[in-house]
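Biologist: I'd like a close look at one part of this model. Could you take me through it slowly?

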Amino acid sequence: MTPARLDHTAAVLAGMLTFKQPADAVLSAYFRNHKKLGRQDRREIAETAFAALRHYQKISAALDRPHTQPRKAALAALVLGRSMNISRLAGLIDEAEADFLGRLKSRKNEFSDGLNTAAELPRWLIGQMRPHYSDEALLAFGRSINCSAPLDLRVNTLKGRRDKVLAALQAEGLNAEMPPYSPWGIRLHDKAAFNRHPLFLDGTLEVQDEGSQLLALLLGARRGETVVDFCAGAGGKTLAVGAMMANKGRIYAFDVAEKRLANLKPRMVRAGLTNIHPERIGSETDPRIGRLKGKADRVLVDAPCSGLGTLRRNPDLKYRQSPETVAKLLAQQHSILHAAAALVKAHGRLVYATCSILPEENERQAERFLAEHPEFEPVDCAGLLAAAKVDLNTGAYLRLDTATHQTDGFFAVVMQRKG
């Protein structure tokens, strides 16, 4: 950490720690405005800034309004999050800052006493989770998401075989392995800028968390079918479904955000997929959806959610969400699921999924839907995965958590419309 890097990190944290924008958006905008920063500069700045987010509970216990003291927040991140000895910072800090860091280290045991600081979870989230989780489980959850995630990739089966792709990556000296569950997955433990790799550029590989890959597997789309990805976003799952269908049939990729769908189009081209039809809709009640009523073989609802299963990648989310935003999401999820269900034909499959760990967004939504829609019945996720030769049994629902499965937190329920 150099004086210039420390100054840049402080400037980034001044924006990040207001939690008014996503942290990655703040960082990207800063780097766009400082084009002369080199790769190593950017890496050091990013790692320290995200360390501050991951240790924000401890930092905010030691600093009043950390966004107004971003330099001290950056120094605290180096000591708490990156385990840097204070002696190594001697050339960067003045006497008052050295005293602050010394007092911070002396409070280490005090920080471990409170659940919010020990688990690095804000009080609102502890309150939201406490009816469903013990303190031990909350602590395990907090610790499991308080580190960076590996890079999970999906092999596009239209363009390559996993064993050969994996061997090629390992031959390059990359620390790559097969993850335990997805038949298409490769996990990279190197922090490489993979978006310039030839296998990414030619569409053989896509970046996609292993848990997300399993959602496509549960949908079980086949060649020639009509499939709807109701909340397609930038299309990671859409692409996986298209490859499962061997580019045969038709996938409607709906989303309310034109920008996200625009990101899908070049990914389709790179993947060699021509069976995907992106379409922006105004809402889940857009009349254009009606033309597919009762016609879809499979419908995937990867619903808008709190994103609390992705905190390894997005640690700021726990400070940008609240009980109020979760309540709004619950209403939106219920409405979207009801609208999407109307598109499913007799004997067709409906998959509802989130990247949340809150039962209100997950099991409770599934139970409410099934109570209100007796024309649907649940399908056992463990049985579907076993049929696909995936050794993973989390019961009738798919429930993935970072501590147990080394994926993002995911939930899915599979339902079938009765004949």
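How close do the axes of helix 1 and helix 2 come, and at what angle do they cross?

Modeller: Keep in mind that this is a predicted model, where local features need pLDDT of at least 70, side-chain atom pairs count only at pLDDT 80 or more, and totals for chains, interfaces and linings use all residues. Residues are numbered from 1 along each chain as its sequence is written, and side-chain values use heavy atoms, with hydrogens and water left out.

Now the pair itself. Helix 1 covers residues 3-16 and helix 2 residues 23-33; their axes come within 9 Å and cross at roughly 135°. Helices here are DSSP runs of H or I with at least four residues, numbered from the N terminus. The axes are lines fitted to C-alpha atoms over the stretch in contact, with angles from 0 to 180 degrees between N-to-C directions. Helix 1 and helix 2 are therefore oblique to each other (under 35 degrees is roughly parallel, over 145 roughly antiparallel, 65 to 115 roughly perpendicular, and the rest oblique). The crossing of helix 1 past helix 2 is right-handed, meaning the near helix is turned clockwise from the far one by less than a right angle.

As for who touches whom, helix 1 brings His8, Ala11, Val12, Gly15 and Met16, and helix 2 answers with Ala23, Val26, Leu27 and Tyr30; contact means heavy atoms within 4.5 Å. Sorted by class, that contact has seven nonpolar residues, two polar and no charged ones. Gly counts as polar in this scheme, while Tyr counts as nonpolar.

Zooming out, domain 1 spans 3-113, with bounds from an automatic or database domain assignment. Elsewhere, four strands form an open antiparallel sheet in the order 2-3-1-4.

Technical notes. Two strands pair if DSSP finds at least two bridges between them.
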